[in-house]
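Here is an informal walk through one chain, best read with the 3D view open beside it. The charged contacts come up before anything else.

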Amino acid sequence: MYYLSEHPSIVNFRWNHTQSWGSTWSFLFTSISAYILLSLLLNLLLFNRRRPVPLGPIPAIHSLSMALISATIFTGILFSAAAEIRDTRWFWRRNKTTAFQWLLCFPLGTRPSGRVFFWSYIFYLTRFLHTLRTFIAILRRRKLSFFRLFNHSILIIMSFLWLEFSQSFQILAILFTTSIYSIVYGYRFWTAIGLRSACFPFVINCQMVLLGCNLICHIGVLLLHLMKGGCNGIGAWGFNSVLNFAILFLFLNFYVKSHLRKKTKTSRSSSEYGDDEGLNLKSDSSTAIMDLNPIGCTKIKGI
């Protein structure tokens, strides 16, 4: 509890452009531009290479590291939110505000300082570690698509805006995201070391759950903003909402197309080879590659 929510570095944290690494707009745009350019350059250099580059245990180590980091952030911001609720409950009673309303809608004038914003800052930094999945995928000779670059870049921008404008809803967003990421990356580590994968599209289902939770919470923020007289950082929240809907649209577009492609190929295979033959379906999507083995279990390899 002390090292996750009561340490002086956590309690006294303050987001500012002079003390917080990576907190300037110039750093944000430079880092995203460098990420996109390096991804395109690496993909171009390996364009004529047919075989994947041997990576050894690097993908498994990255997945395990991201799973542990996500679990730590989840625990830290959960304890920190509980501590903030404990310390400021007296103020909320005077304003007739509940803890759940505070999680969705920060009061106007909230500053990016204290426990929860410390973990929001750590979450922002881990978005750069998350982009390493792109380079791993390129070295494995998987298709580099617009959605992959767009999704990773937008995640960095959104987490930056949370801190810059003390945006409402970020606590629940971090809790949802880190809980799903700890499960997904733990599953990826599980399959990377050769253990059996799930018999259903595990990663895709987790992503659908995360997008659904975010959509419901965005509606809650809008209702509280209209009924309670305003939420802090609502301009940044509106911009983030547009980006979230763009990601949701692209993901659903892929999901529908891959489902239709799967049904088409399944019917063709059944007519040609019979029901007992195995299928090998490879999607061109950046989100996942689904291979059906002869016993019907689905192996998911996400970005």
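## A chain of charges

R86 and D87 sit side by side in sequence, and their side chains meet in a salt bridge with an N to O distance of 3.0 Å. Keep in mind that this is a predicted model. D87 counts as partly exposed, at 34% relative accessibility. D87 also pairs with R115, where the closest N and O atoms are 3.2 Å apart. That second pair ties together distant parts of the chain, with R115 in helix 6 and D87 in helix 4, 28 residues apart. Is R115 buried or exposed? R115 is buried, because its relative accessible area of 7% falls under the 20% cut-off.

R86 has another partner too: its side chain forms a salt bridge with that of E6, at 3.3 Å from N to O. Here the link runs from helix 4, home of R86, to helix 1 (residues 2-6), which holds E6, and the two residues are 80 apart in sequence. E6 is partly exposed, with a relative accessible area of 27%. In total, the model has 5 salt bridges. Through shared partners, salt bridges join E6, E84, R86, D87 and R115 into one network.

## What the record says about the membrane

An unreviewed UniProt entry annotates "transmembrane region" over residues 25-47, 59-83, 116-139, 146-163, 169-190, 202-224 and 236-256. Two of these spans are worth checking against the model. Residues 146-163 come out as 100% helix and 0% strand, with the end C-alpha atoms 26 Å apart. For residues 169-190 the figures are 95% helix and 0% strand, and the end C-alpha atoms lie 32 Å apart.

## The nonpolar cores

Which residues touch the most other members of the largest nonpolar core? They are W102, Y124 and I171, in a core of 63 residues. Elements giving two or more residues to this core are helix 3 (25-45), helix 4 (58-95), helix 5 (99-104), helix 6 (115-130), helix 8 (146-164), helix 9 (170-192), helix 10 and helix 11 (234-273). A second, separate core has 6 residues, among them Y35, L46, I138 and L149.

Zoom in on I171 and leave aside neighbours within four places in sequence: I171 is then in contact with I77, A81, W102, L103, F106 and V116. Another residue to look at is T177, which is placed in helix 9. T177 is buried, with a relative accessible area of 9%. Beyond its neighbours within four places in sequence, T177 is in contact with F123 and L210.

## Helix 7 and the loop after it

Why is helix 7 described as largely enclosed by the rest of the structure? Because 6 of its 8 residues (the helix spans 132-139) are buried. The buried ones are R133, T134, F135, I136, A137 and I138. Helix 7 is followed by R141, which has a positive phi near 65°.

L144 is in the loop between helix 7 and helix 8. L144 is buried, with a relative accessible area of 16%. Setting aside neighbours within four places in sequence, L144 is in contact with S39, L40, N43, T134, I138 and L149. Of these contacts, T134 and I138 are among the buried residues of helix 7, while I138 and L149 also belong to the second core. The N43 contact spans a good stretch of chain: L144 and N43 are 101 residues apart in sequence, yet their C-alpha atoms are 7.2 Å apart in space.

## A nonpolar patch on the surface

Now to the outside. L215, I219, L222, L223, L226, M227 and F245 make a nonpolar surface patch of about 700 Å². Which helix gives the largest share of the patch? Helix 10 (residues 202-228) does, with 6 residues.

L222 is one of the patch residues, and it lies in helix 10. With a relative accessible area of 38%, L222 is partly exposed. That value fits its place in the patch, because patch residues need over 30% relative accessible area. Helix 10 therefore shows up twice here: it gives two or more residues to the largest nonpolar core, and, by the patch rule, it supplies the largest share of the nonpolar patch.

Definitions and conventions
Residues numbered from 1 in each chain as written. Predicted model: local features only at pLDDT ≥ 70, side-chain atom pairs only at ≥ 80, totals over all residues. Heavy atoms only, no water. UniProt positions renumbered as here; feature names shortened; annotations may be inferred. Helix = DSSP H or I, 4+ residues; strand = E, 2+ residues; numbered from the N terminus. Patch = residues over 30% accessible without salt bridge, like charges linked within 9 Å, V, L, I, M, F, W, Y side chains within 5 Å. Areas by Shrake-Rupley, 256 points an atom, 1.4 Å probe, with all protein chains shown as cover. Salt bridge = Lys/Arg side-chain N within 4 Å of Asp/Glu carboxyl O. Buried < 20%, exposed > 50% of the residue type's maximum accessible area, 1.4 Å probe, protein only. Core = buried A, V, L, I, M, F, W, Y, C linked by side-chain atoms within 4.5 Å. Contact = heavy atoms within 4.5 Å.
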